[in-house]
Amino acid sequence: MVGVIGNSGMGKSTLAKAIVGLLPAISGEIRLGGATLDQYDPDQLGRLIGYLPQDVTLFSGTVAENIARMSIDPETPKLFEAARRANAHEMILSLPEGYQTMLNNGTSQLSGGQRQRIVFARALYDDPLILVLDEPNSALDSLGTDALNKAVREFRATDRAVIIMTHRPQAISECDWLIVLEKGRIKANGPRDVVLEAMVKNTQDISRVLMTRAAS
């Protein structure tokens with residue numbers, strides 16, 4: 001599990017969009033299984049990479065269709081499994097018509113956390129190899145965050161990869177590897193504890209310099 005951290009505006013969401021093929025790489029290459037992303041059929045790439053964006057989008061259609069990527073004939077077992085893994089199944093059943101509840105584009109009948117869980121279920125629907133999560137717990141309460149972390153741990157346990165854009169300590173604690181972005185460039189890259197230790201050391205060094213200047 002790779003955590004990508006950095007202040008707002010440093011490029012985390014842009015990197016997430018590039019990884020899933022929504023934005024072209026201006027330089028360099030993004031490869032999956034040795035092949036560049038443009039060598040994949042878009043539908044195939046969509047099944048290989050699950051994506052939960054920071055700004056979630058629900059389309060006009062049923063809850064089931066939204067989870068199943070607007071398929072008109074969703075596979076019920078896959079649908080229920082994805083919703084359960086996203087901690088959304090019971091919430092969906094509580095809606096007026098369950099999975100057949102109609103949603104309008106930008107629907108207001110759901111909270112931010114409910115919308116996020118439905119889109120997370122969409123990311124899991126095709127049982128992808130990689131999950132790309134952009135600030136996935138931004139609209140979740142503590143219970144929703146715990147459920148998200150549980151789902152991520154279960155996904156990792158199947159020998160798959162997670163890339164999470166975040167600055168929340170609880171999410172960082174789940175990561176094996178950290179990338180620190182600053183102004184669109186990688187400032188640090190390595191095992192989580194090594195990167196965090198270096199960041200803390202740098203912070204302490206800067207504090208000592210400032211204290212010395214203030215004393216003089």
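Among contacts in the chain of this predicted model that join residues at least 6 apart in sequence, 64% link residues at least 24 apart. The chain that makes these contacts holds 9 helices and 10 strands, and its C-alpha trace spans about 70 × 40 × 30 Å along the principal axes. Some totals for the chain are set out below.

| Property of the chain | Value |
|---|---|
| Residues counted as buried | 42% of 216 residues |
| Exposed area | about 12200 Å² |
| Share of exposed area from carbon and sulfur atoms | 53% |
| Positive side chains | 23 side chains |
| Negative side chains | 25 side chains |
| Distance between the centres of the two charge sets | 7 Å |

One residue can be followed more closely. Glutamate 135 belongs to the loop that runs between strand 7 (130–134) and helix 7 (142–156). Is glutamate 135 buried or exposed? Glutamate 135 counts as buried because its relative accessibility is 5%, while the cut-off for being buried is under 20%. Leaving aside residues up to four places away in sequence, glutamate 135 touches Lys12, Gln54, Gln116, Met165, Thr166 and His167.

The surface also has pockets to consider. The largest pocket holds about 700 Å³ of space, and 32 residues line it, with Val20, Gly21, Leu22, Leu45 and Gly46 lying nearest its centre. Two or more residues of this lining come from each of helix 2 (42–48), strand 4 (49–52) and helix 6 (112–124). Which element gives the largest share of the lining of the largest pocket? That share, 5 residues, is supplied by helix 2.

Technical notes:
Residues are numbered from 1 along each chain as its sequence is written. This is a predicted model: local features need pLDDT of at least 70, side-chain atom pairs count only at pLDDT 80 or more; totals for chains, interfaces and linings use all residues. Side-chain values use heavy atoms; hydrogens and water are left out. Helices (H or I, at least four residues) and strands (E, at least two) are DSSP runs, numbered from the N terminus. Buried means under 20% relative accessible area, exposed over 50%, partly exposed in between (1.4 Å probe, protein chains only). Contact means heavy atoms within 4.5 Å. Accessible areas come from the Shrake-Rupley method with a 1.4 Å probe; for residues, only the protein chains shown count as cover. Lys and Arg count as positive and Asp and Glu as negative; His and the chain ends are not counted. The place of a charge is taken as NZ of Lys, CZ of Arg, CG of Asp or CD of Glu. On a 1 Å grid over the protein atoms alone, a cavity is a set of points where a 1.4 Å probe fits but cannot get out, and a pocket is an open set with protein on both sides within 12 Å along at least five of seven lines; lining residues have an atom within 4 Å of a point. Grid points are joined across faces, edges and corners, and a volume is the space filled by probe spheres set on the points.
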